[in-house]
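Let's take a walk through this structure together, one region at a time. Keep the 3D view open and turn it as we go.

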Amino acid sequence: MKKLLVLGGTSASLDIVKLAKGMGLYTIVTDDKASGVAKEIADESLQISTTDLDSLVQVIRKKQIDGAFCGPSEFNLRNLIRLCEKAGLPCYTTMEQWDRCANKDVFKQYCRDYHVDCTPEYTITEQTTDEELQQIDYPIILKPVDGCSSAGITVCNTWQEVRKAYQYAMDASICKRIIAEKFIENHGEIFCARYVLRDGVAYPYLLNDTYIVDPVNRKTLISGFTRMPSVRTKYYLEKMDQNVRNMIAGMGLKNGIVFFQALPLGEKIYFHEMGYRLSGGMIYKLAGPLTKVNDMQMMIRYAVGDPICTDEEIAQIDVNCSGKIGVKLMVPLEPGTIGSVEGLEESKQLPAVKDFLRYYYEGDVVDPKVVGTLSQHFGRFSIIADSDEEAFRTVDTIQKQLKVCNTDGQMMNTMPFDLNRVHLPDMMQIG
């Protein structure tokens, strides 16, 4: 039996441990905490920090561990890369490749080099004068070049807002660099393309459309609803896919999962960032049954020294989601202390609901500091339906019956998603 070391014992690792055990692997979970939900179900747990690489290398050698892996946490991913290099374990990426993908400046230069449309940029520094700021075409969006989880992001409608937004982005940046881009006015819609990489060849497997929570006030720029397949699937595959594949090869990426986020506007799709990892939404729960690609399983497989996927698995990929509709419904919360949750169990029992990933429980505090980041979400519903009508009916039922209240009895999930915002295939003019 092969052994897998999992970095991090929180809910971000829970599905990894479940899936790895289902694959017949012996699981060992470690972090600096005495307990954690992933540790509770693992075959073995350790209280060793994921930054203590020397101690972890000793454990790997003593226990003859075959591979190491972690969830989407960028903190633990950096630890994972260093640990695998130090211990001689398989790893889908190097630190050089990771930094290349994580840096938004570098990524956008690759886009330009390979003729992939990307959002226009502005140069803004502490030395930029008020007069120069007044010359910019607003609105713009400021964010750290190395940011993640939507932290440090602000949309500025006037030049007076830039100074505060600049400092906010800098505070969220490790490398202390920010990027300023034209804010694309498209009512809060995001296009995402996902690829599985095998021996340097990229295969698209999932294209989806995501809508942010608050496109009007732009204070909560996090995902609220995702529909798959994308209404732009045909257009993307015909017009952009080959250039993106060429770019992936040019970046030197060989194996693993890579995803790109872009802003659609008319007949253009403007790329603005990428991720070389699993996504925080545990998308495999939908990708597996819809597209025949279980990306988490593939990544775990590669971590213990096996091929990431087979020819048969590549041949089975269905970017059209087998004729079904997949939906991710996120539930953002207002700040406060959770006092009660009603309607969750009933929502989880709806026929189209396949999974619910929960982040907060009664007694937990939603800090005002997490507003506008992915940590604002109470949880994520995964839905698979035979039609948009069925998927939308399920979402509507969930939003009517789920009530997350604070200790004063006030509703905290006060931002239900407006289904009228969703573009459906027969509404599209492109492709």
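What follows goes from confidence in the model to its sheets, its helix pairs and its cysteines.

This is a predicted model, so a good place to begin is with how far it can be trusted. The mean pLDDT of the protein chain is 93, and 97% of its residues reach 70 or more. One stretch to treat with care is residues 427-431, where pLDDT stays under 50. The model has 10 contacts beyond four places in sequence for those residues. Where pLDDT is low, the predicted coordinates should not be read in detail.

Now find the open sheet of four strands, whose order is S5-S8-S6-S7 and whose pairing is antiparallel. Strand S5 (121-122) and strand S7 (154-156) stand at the edges; each has a single partner strand, so one side of each is left without a neighbour in the sheet. S7 is joined by three bridges to strand S6 (residues 140-144), and the two run antiparallel. If you would like a residue pair to locate this, Ile 140 has Cys 156 in S7 as its bridge partner. Helix H6 (residues 104-113) packs on this sheet, where it touches S5, S6 and strand S8 (178-182). The direction of H6 makes about 45° with that of S8. Helix H8 (residues 162-171) lies across S6, S7 and S8, and runs at about 25° to S6.

Further along the chain, look for strand S9 (residues 189-198), which pairs with S10 in the antiparallel sense over 10 bridges. Here Glu 189 stands opposite Tyr 211 in S10. The hairpin of S9 and S10 has two residues between the strands, and in it Asp 199 takes a positive phi near 50°. S10 also has strand S11 (residues 223-228) as an antiparallel neighbour, joined to it by four bridges. Asp 209 finds its bridge partner in S11 at Arg 227. How many of the 12 residues of strand S10 (residues 201-212) are buried? The count is 11, so S10 is largely enclosed by the rest of the structure.

Next come two helix pairs. Two packed helices are described by the angle between their axes and the distance between the axes. For helix H4 (residues 74-87) and helix H5 (residues 95-102), the axes come within 10 Å and cross at roughly 155°. H4 is therefore roughly antiparallel to H5. On the H4 side the contact is made by Glu 74, Leu 77, Arg 78, Ile 81 and Arg 82, and on the H5 side by Met 95, Trp 98 and Asp 99.

The other pair is helix H1 (residues 11-22) and helix H12 (residues 295-303), which pack at an angle of about 70° with their axes 10 Å apart. H1 is therefore roughly perpendicular to H12. Asp 15, Ile 16, Leu 19 and Ala 20 of H1 make this contact with Met 296, Gln 297 and Ile 300 of H12.

Finally, why is Cys 70 without a disulfide? A disulfide needs two cysteine sulfur atoms within 2.5 Å, but the closest cysteine sulfur to that of Cys 70 is in Cys 91, 8.5 Å away and too far for a bond. Cys 70 counts as buried, at 2% relative accessibility. Cys 321 is also buried, with a relative accessible area of 0%. Its closest cysteine sulfur, in Cys 192, is 12 Å from the sulfur of Cys 321, again too far for a bond. By this rule the count comes to zero disulfides.

Technical notes: Residues are numbered from 1 along each chain as its sequence is written. This is a predicted model: local features need pLDDT of at least 70, side-chain atom pairs count only at pLDDT 80 or more; totals for chains, interfaces and linings use all residues. Side-chain values use heavy atoms; hydrogens and water are left out. Buried means under 20% relative accessible area, exposed over 50%, partly exposed in between (1.4 Å probe, protein chains only). Two strands pair if DSSP finds at least two bridges between them. pLDDT is the predictor's confidence in each residue, from 0 to 100. Contact means heavy atoms within 4.5 Å. Axes are lines fitted to C-alpha atoms, for helices over the stretch in contact, and angles run from 0 to 180 degrees between N-to-C directions. Angles under 35 degrees count as roughly parallel, over 145 as roughly antiparallel, 65 to 115 as roughly perpendicular and the rest as oblique.
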